[in-house]
Amino acid sequence: GDHRDLHSFPTRRSSDLAGVNSNHLSSCRALSLRGRRQRAILGGNIMGNKKYVAYVGTYTHGNSKGIQVYDVDVEKGTLKERSEVQVSNASHTAISKNGKFLYSIEDEGVAVFKRDENGDLTRINRVSIDGMRGCFLATDVDGKYLYVAGYHDGKVTVVHTRRDGSLGRIMDGVYHKGLGSVAERNFRPHVNCVRPTPDNKYLCAVDNGIDQVKIYRINKRQHKLELVDILRCPRESGPRIIRFSADGRFAYILFELSNEIKVYSYDGSGSTPEFELLQSVSTLRKPNDEDAIHNAASGLALAPDGRHLFCTTAGENSVSMYEIDHETGLLEKKFNLPISGDYPKDLVIFPDNKHIALANHASNSITTFTVDYDKNIIVMNDKPHHIETPNCIHIWPVPDEVAGDVHIDEIGRAHV
């Protein structure tokens, strides 16, 4: 059968989500953008005429080929379709630290593509991951490994990445174990996200099925993962994504079932990693709404300025923005607004921090908005782009802008 949406929602909720979106469509009007050219400092570079490209990974059960490439107009906050690249069921993509290579999930494996000076893609090779199709990719800080999260089989896979960009052999593969049946629910492992800690000492594997984040030490001599700690989350909370603050001192975990973001302090300076819970905030428009079971927190993105965190929630089909306190890492919700799409599975913030794009999986669309930080609103700035079953969206600078001793971080900033 077709399991394409197994990692979209837990099965006990998927039937509840039908027809939810009609009451939540945005009434935002298109905004006519005028004004002077805005320039922003990003990672030490002036973002004047720097060229950016967006990549959207899709399922390929219909007419989509796999990855849609878009030209990005940073000033207007809009996207323009350029080309499509053949990849079977591109559920997630990642970029190499030097910006020259793009990795994509592919059926039962991972593919890698060379990015040219325009951001166009040429396939290099693919490798099997000896398991079911993955759902999330991450690269390490040193550029040696590609990490793959396996939702369907509860597996974390480590693939060697070679200097020429090609993918090498599997270095390690770890299967998470289920917890058995508790209160009529079978807790099977579903690894939904993998991400290294900013100090590159540990790998966090977010397990949506057993409500845990497993933390592995990265043994770089033996190329193995060693389990060192487990962050146990509330039962039936459904952790989905982890992200770290720009300075690496805080972790933000999005919970799909409890519809919240939890803030943790992170300290990797000792012999074991330390995570301490600091705050829990709701992602919902009405946190105590009786219809909350129809909602599922879905996407989490940190703005390039490092000062704002955005998340999307399916069901109520909304986007929320939180301001980050630099000192404490704590979040203050600024808005929760409708997004004119159904099941916003992923989102990205433009390099100027002033615009966002959302990948609406169920309504087959990409919607773009201008963010007004003074009024705490978003305004749709273009008509929706039609694209079948979008899974993920990223915006990255083209390689010639990040040549030499430069690397791109998790939120698309270039660093010398």
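Buried means under 20% relative accessible area, exposed means over 50%, and partly exposed lies in between, with a 1.4 Å probe and protein chains only. The model is predicted: local features need pLDDT of at least 70, side-chain atom pairs count only at pLDDT 80 or more, and totals for chains, interfaces and linings use all residues. Residues are numbered from 1 along each chain as its sequence is written, and side-chain values use heavy atoms, without hydrogens and water.

**Exercise 1.** State what percentage of the protein chain counts as buried.

*Solution.* Take the 416 residues of the protein chain. Apply the cut-off for buried. The result is 58%.

**Exercise 2.** Count the helices and strands in the protein chain.

*Solution.* Use DSSP runs, numbered from the N terminus: helices are H or I with at least four residues, strands are E with at least two. The protein chain has one helix and 35 strands.

**Exercise 3.** Describe how strand 22 and strand 23 pair.

*Solution.* Two strands pair if DSSP finds at least two bridges between them. Strand 22 covers residues 260-267 and strand 23 covers residues 274-282. Eight bridges join them, in the antiparallel sense. Asp 267 faces Glu 274 of strand 23. Six residues form the hairpin link from strand 22 to strand 23.

**Exercise 4.** Find the edges of the open sheet with the order 20-21-22-23.

*Solution.* The sheet has four strands with antiparallel pairing. Strand 20 (239-244) and strand 23 each have a single partner strand, so they stand at the edges, and one side of each lacks a neighbour in the sheet. Next, check strand 20: five bridges join it to strand 21 (residues 250-255). Here Phe 244 stands opposite Ala 251.
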